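Me: Please give me a close look at one part of this structure, the pairing of the strands and what goes with them. I am in my first year, so keep the sentences short.

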Amino acid sequence: MRKIVAAFFVSLDGVVEAPQDWHFPYFNEELGEAVGSQAAGADTMLLGRRTYEEFAAYWPHQTTAEDPLADQMNNTPKLVVSSTLDKLDWQNTTVIRDNVVEELTKLKQQPGKNISISGSATLVRSLLRDNLLDELLLLVHPIVVGSGQRLFPDGTDQQPLKLVDSKTFSTGVLSLTYEPAA
């Protein structure tokens, strides 16, 4: 059975928004390997609408010469969970508008690699609540950002998780992999 795996760059104070503004000083070969491993283990991307719109504005205009991930990002099938998205500007994209739990449950039962999520905090919280998220990879950076969207803001329901893997990178970034505890 396929797994839905979410990965986030996160600050010590829980911020996941705009990692391009604070993440790069900590990027090294170890972190690149972790990100590359997660991408290689997946054959489908799952995105919320806002993350899709950000990615669709950037990736279709990139080449492999400009960014080694360009081909993978552009050629991988993408699923967007949205009831409001009306225009698909990025190749290989399908929208899931209704029956999200049912559709993703069916998709997890099909053969294939993992289904990866990068960003899309609102979607990840709903998948965790609906018992659809199988793994959560947090790449915790040793920086306090101070403001921005948090992965789990105040008011988030309790959800027990269990740590299944951890690594410390030379830059001080912690790689923490969690699964639902229940």
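Reply: β7 and β8 run antiparallel, and seven bridges join them. β7 covers residues 161-168, and β8 covers 174-180. Note that this is a predicted model. One facing pair to find is Asp165, which stands opposite Thr177 in β8.

Stay in β8 for a moment. Glu179 has its place there. Its relative accessible area is 24%, which makes Glu179 partly exposed. Glu179 touches Leu161, Lys162 and Val164. Leu161 and Lys162 fall within the 161-168 stretch of β7. Glu179 also touches Asp134 and Glu135. Glu135 is 44 residues away from Glu179 along the chain, yet their C-alpha atoms are separated by 4.7 Å.

Now step back to the whole sheet. Eight strands form an open sheet with mixed pairing. Read across, the order is β4-β3-β2-β5-β1-β6-β8-β7. β4 and β7 stand at the edges. Each of these two has a single partner strand, so one side of each is left without a neighbour in the sheet. On average, neighbouring strands are turned by 25° against each other, direction ignored.

Cross to the β4 end. β3 and β4 pair in the parallel sense, over four bridges. β2 and β3 also run parallel, joined by four bridges. Leu79 is a good residue to follow here. The bridge partner of Leu46 in β3 is Leu79. In β4, Leu79 has Thr94 as its bridge partner. The side chains of β3 go two ways: Lys78 and Val80 point one way, while Leu79 and Val81 point the other. All four are buried.

Next comes the helix over this end. α2 lies across β2, β3, β4 and β5. It runs at about 115° to β2. α2 spans residues 49-58, and Thr51, Tyr52, Phe55 and Ala56 are buried in it. Seen down the axis of α2, these buried residues fall within an arc of 130°, so they line one face of the helix. A general rule helps with this picture: an α-helix has 3.6 residues a turn, so residues three or four places apart point the same way. The face of α2 turned away from the buried side carries Glu54 and Ala57, which are exposed. What covers the buried residues of α2? The cover includes the strands β2, β3, β4 and β5, along with the helix α3 (70-75).

Two of those buried residues, Thr51 and Phe55, lead on to a pocket. The largest pocket has a volume of about 1600 Å³. It is lined by 49 residues, and the closest to its centre are Pro19, Thr51, Phe55, Ser118 and Gly119. Several elements give two or more residues to this lining, including β1, β2, α2, α3, β5 and β6. α1 (29-40) is in that group too. With seven residues, α1 gives the largest share of the lining.

α5 (121-129) also gives two or more residues to the lining. This helix is mostly covered, with seven of its nine residues buried. Among the buried ones are Ala121, Leu123, Val124 and Arg125. Ser126, Leu127 and Leu128 are also buried. Just after α5, Asn131 takes a positive phi of about 60°.

Terms used. Residues are numbered from 1 along each chain as its sequence is written. This is a predicted model: local features need pLDDT of at least 70, side-chain atom pairs count only at pLDDT 80 or more; totals for chains, interfaces and linings use all residues. Side-chain values use heavy atoms; hydrogens and water are left out. Buried means under 20% relative accessible area, exposed over 50%, partly exposed in between (1.4 Å probe, protein chains only). The arc is that of the directions from the helix axis to the C-beta atoms. Contact means heavy atoms within 4.5 Å. Two strands pair if DSSP finds at least two bridges between them. Axes are lines fitted to C-alpha atoms, for helices over the stretch in contact, and angles run from 0 to 180 degrees between N-to-C directions. On a 1 Å grid over the protein atoms alone, a cavity is a set of points where a 1.4 Å probe fits but cannot get out, and a pocket is an open set with protein on both sides within 12 Å along at least five of seven lines; lining residues have an atom within 4 Å of a point. Grid points are joined across faces, edges and corners, and a volume is the space filled by probe spheres set on the points.
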